[in-house]
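User: I want to learn how to read the features of a model like this one. Can we go through them one at a time?

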Amino acid sequence: MKILMVCLGNICRSPLAEGIMQRKIEENGLPWKVDSAGTSSWHIGEPPDRRSIEVAKKHGIDIAAQRGRQIRQEDLSEFDFIYAMDTSNFRDILKLANSPEQEEKVKLILNETTPNEDNSVPDPYWDDDGFENVYQLLHRACQKIIENNFK
Ligand code: 4NP
């Protein structure tokens with residue numbers, strides 16, 4: 001199983017999702033891989049936002065070595081599940097899909113915890129207080145991904 005976490009910048013939400021999922025993969029001894037990417041090219045090569053690094057660290061997860069990259073067409077064949085953080089990311093990723101099979105791989109991550117509600121992980125970039133909330137939302141969603149696909 002190969003999972004790709006996707007947000008706009010690949011510096012706030014999806015690096016946290018990658019770090020949390022990586023931790024859960026290790027805890028559960030799963031042969032899964034996880035990566036993250038942004039729909040934009042704005043932060044290619046950059047480390048995660050310091051506020052994401054801090055909130056991850058507070059929960060015992062080190063995401064500081066991650067570097068931003070932009071999603072590319074090949075990711076839709078390479079990965080089994082592509083989790084969008086919000087509905088705008090979801091629409092942008094679908095534009096890259098070139099088959100119904102690829103379209104089916106693209107999911108909204110919060111539909112794992114609140115199915116069919118199409119909720120978005122709020123963009124915390126402009127809100128210092130939003131990072132802990134984002135962490136909690138992603139932590140629950142990643143746990144559900146494991147439960148729904150493995151246990
Ligand atoms: P992310 O957050 O999509 O969760 O990484 C953002 C990061 C950067 C910007 C917007 C959102 N930006 O406008 O540069």
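User: Start with accessibility. Does Y83 count as buried or exposed?

Analyst: The model is predicted, so read every value as computed from it. Buried means under 20% relative accessible area. Y83 has 1% relative accessibility, so Y83 counts as buried. F81 has 17% and also counts as buried.

User: How many aromatic pairs are there?

Analyst: Ring centres must lie within 6.5 Å to pair. The count comes to 2 aromatic pairs. One of them joins F81 and Y83, with ring centres 6.0 Å apart and planes at 25 degrees. Planes under 30 degrees apart count as stacked, so the F81 and Y83 pair is stacked.

User: What geometry does the pair of Y125 and W126 have?

Analyst: Planes over 60 degrees apart count as edge-to-face. Y125 and W126 have 80 degrees between their planes and 4.8 Å centre to centre, an edge-to-face pair. Now add accessibility. Y125, at 30%, counts as partly exposed. W126, at 75%, counts as exposed.

User: Which ring does K2 lie over?

Analyst: Here the test concerns a charge and a ring face. K2 lies over the face of F79, at 5.8 Å from the ring centre.

User: Now the cysteines. Why is there no bond between the sulfur of C12 and that of C7?

Analyst: A disulfide needs cysteine sulfur atoms within 2.5 Å. The sulfur of C12 is 6.9 Å from the closest cysteine sulfur, in C7, which is too far for a bond. The structure holds 0 disulfides. C7 counts as buried at 2% relative accessibility, and C12 counts as buried at 6%.

User: Which residues are around the ligand?

Analyst: List the shell, then sort it by type. The residues around the ligand are C7, L8, G9, N10, I11, C12, R13, W42, H43, D123 and Y125. So both cysteines just discussed, C7 and C12, are on that list. The shell divides into 6 nonpolar, 3 polar and 2 charged residues.

User: Where are the polar contacts to oxygen atoms of the ligand?

Analyst: Look for pairs of N or O atoms within 3.5 Å. Take the backbone cases, then a side chain. A backbone N or O atom of L8 lies 2.9 Å from a ligand oxygen. A polar backbone atom of C12 is 2.9 Å from an oxygen atom of the ligand. In the side chain of D123, an N or O atom is 3.4 Å from a ligand oxygen. For the cover, the ligand on its own has 350 Å² of accessible area, and the protein covers 90% of that.

Methods
Residues are numbered from 1 along each chain as its sequence is written. This is a predicted model: local features need pLDDT of at least 70, side-chain atom pairs count only at pLDDT 80 or more; totals for chains, interfaces and linings use all residues. Side-chain values use heavy atoms; hydrogens and water are left out. A residue is near a molecule or strand if one of its heavy atoms lies within 4 Å of it. A polar contact is a pair of N or O atoms within 3.5 Å; within protein, one must be able to donate a hydrogen and the other to accept it, and residues adjacent in sequence count only if both atoms are side-chain atoms. Accessible areas come from the Shrake-Rupley method with a 1.4 Å probe; for residues, only the protein chains shown count as cover. Ala, Val, Leu, Ile, Met, Phe, Trp, Tyr, Cys and Pro count as nonpolar, Asp, Glu, Lys and Arg as charged, and the others, Gly among them, as polar. Buried means under 20% relative accessible area, exposed over 50%, partly exposed in between (1.4 Å probe, protein chains only). A charge sits over a ring if NZ of Lys or CZ of Arg is within 6 Å of the ring centre and within 35 degrees of the ring normal.
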